[in-house]
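Me: I am new to this structure and would like a close look at one part. Please start with the parallel sheet, and then lead me on from there to the rest.

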Amino acid sequence: MNSEDISKIKELLSVPQKIVIIPHKNPDGDAIGSTLGLWHYLKNNGQDATVISPNDAPKFLKWMPGSADILNFEAENSQAKKAITEATLIFTLDFNHLGRVGQMHSFLEEATATFIMIDHHQEPSDYALVTYSDVTMSSTCEMVYNFIAYLDDTSKITPEIANCLYTGIMTDTGSFKFSSTTSKTHKIVAELIDKGAENTRIHNLVYDTNSPSRLHLLGCALKNMVILEEFNTAYITLSQDELDTYKYQKGDTEGFVNYGLTLNGIRFAVIFIENKEEGIIKISFRSEGDFSVNEFARAYFHGGGHNNAAGGKSDLSLKETADYFVNLLPKHLKELTK
Ligand code: 5GP
Ligand code: MN
């Protein structure tokens, strides 16, 4: 943020506001960690603040401090709409355009509040008074730490805030291994541990709470993996029937897509997941190196994200989607094999 933005934020927060903080639909660790981290900070500063999520968060994030206070737009619709209508200030966190909030989209467009965006995705839309956008950042949680630092308030980071921000940095960096992880990221993480982030406990709560059925679903996904060596590509499909067989619960498929990249030489990994209720195939893309999955997802699958991690969707059947995908690969042979 530049000094002008910092002054604007300081001025806005110098008076009581009715604040709503919003993560993207299907929130992940970074979306929930950043919104709750900011929520604790604003509340501790005497602000009236509410986190409203477009839909429910996965179970492996429900332990996070403040999680029980999140309003779910799908389940607590009238309360959530009222809060958006009455808000004077709306923070949107971890997404770059309002289409990423699903059903909430039209309500946000009608809201009279002042908007502030904090996000690390490419091509941010221009709807906020202050747009703190930085695509080089590991995570929105790292940016919320910086946001608090810009306001000269790192001394106000409580163990609750530290636990929330640590979680999002950890999940969005693949436990500190993606190329977006900088020495600055590690310095912030170190500081968060000093301020009370329980790093070992957080790893356990997020990664070591598998149900047997989730591991069986993973087994099914790995069995379904198709390896296309000539394109350095591996993809997985999961049908609704398979999800039902293994008692799929929200969040169960998180991280499955990354297994493709653990194969020697594979640079492009994809998972196609059928969602009969929404009538779509939800897709996650991951890459290693220069191949931009953000551009790929934008060009062919109504999606986007980052260079090495992106998502999208398809209205075709699972089989048709996979066939369509495989037929796109020859066009990208050079990029995938250079
Ligand atoms: P994931 O594959 O973990 O759902 O998402 C990877 C990245 O891509 C995240 O940064 C996420 O925000 C972004 N992303 C996932 N799905 C979509 C989508 O449908 N549209 C856009 N623009 N970004 C997406
Ligand atoms: Mn993020």
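Reply: Strand β5 and strand β6 (residues 130–133) run parallel, and four bridges hold the pairing. Strands pair here if DSSP finds at least two bridges between them. Helices (H or I, at least four residues) and strands (E, at least two) are DSSP runs, numbered from the N terminus. At one of these bridges, Ile116 has Val130 of β6 as its partner.

Before we go on, a word on what you are looking at: this is a predicted model, in which local features need pLDDT of at least 70 and side-chain atom pairs count only at pLDDT 80 or more, while totals for chains, interfaces and linings use all residues. Residues are numbered from 1 along each chain as its sequence is written, while chains are lettered from A and ligands numbered from 1 in the order in which they are written.

Now look to the other neighbour of β5. Strand β4 (residues 89–93) runs parallel to β5 (residues 114–119), and five bridges join the two. Here Ile116 appears again, standing opposite Phe91. To get from β4 to β5 the chain passes through helix α4 (residues 105–110), making a right-handed β-α-β crossover. Right-handed means that, with the strands pointing away from the viewer, the path from the first strand over the helix to the second runs clockwise.

One step further along, β4 also pairs with strand β1 (residues 18–22), in the parallel sense and over four bridges. Within that pairing, Ile22 is the bridge partner of Thr92 in β4.

Put together, these strands belong to an open sheet of six with the order β3-β2-β1-β4-β5-β6 and parallel pairing. β3 (71–72) and β6 each have a single partner strand, so they form the edges, with one side of each left without a neighbour in the sheet. A UniProt annotation from an unreviewed entry, "domain: DDH", covers residues 18–169; UniProt positions are given in the numbering used here, feature names are shortened, and annotations may be inferred rather than shown by experiment. Over residues 18–169, the chain is 36% helix and 18% strand, and the end C-alpha atoms lie 27 Å apart.

Farther along the chain you will find another open sheet, also of six strands, in the order β7-β8-β9-β10-β12-β11 and with mixed pairing. Its edges are β7 (226–228) and β11, each with a single partner strand, so one side of each has no neighbour in the sheet. Between β11 and β12 the pairing is antiparallel, over two bridges, and Gly305 has Ala310 in β12 as its bridge partner. UniProt lists residues 249–319 as "domain: DHHA1", again in an unreviewed entry. That span is 14% helix and 34% strand, with its end C-alpha atoms 23 Å apart.

Next, follow β11 and β12 to ligand 1. β11 (304–305) and β12 (309–314) each supply at least two residues of the shell around the ligand, and β12 gives the largest share, five residues. The shell includes His24, His121, Ser284 and Lys313; a residue counts as near if its C-beta atom, placed from the backbone, lies within 6 Å of the molecule. By type, the shell divides into two nonpolar, nine polar and one charged. In this count Ala, Val, Leu, Ile, Met, Phe, Trp, Tyr, Cys and Pro are nonpolar, Asp, Glu, Lys and Arg are charged, and the others, Gly among them, are polar.

Just before β11, in the loop that follows α11 (293–300), sits His302. His302 has a positive phi of about 50° although it is not a glycine. Most residues other than glycine have a negative phi. His302 is partly exposed, with 15 other C-beta atoms within 10 Å. A residue is buried if 20 or more other C-beta atoms lie within 10 Å of its own, exposed if 12 or fewer, and partly exposed in between, with C-beta atoms placed from the backbone. Phe256, in the loop between α10 (240–245) and β9 (268–275), is buried, with 21 such atoms within 10 Å.

Finally, step back to the whole chain. It has 13 helices and 12 strands. Its radius of gyration is 20 Å, close to the 20 Å that the globule rule gives for 338 residues, so the chain is as compact as a globular protein of that length. The radius is taken over C-alpha atoms, and the rule is 2.2 Å times the number of residues to the power 0.38. Buried residues make up 42% of the 338.
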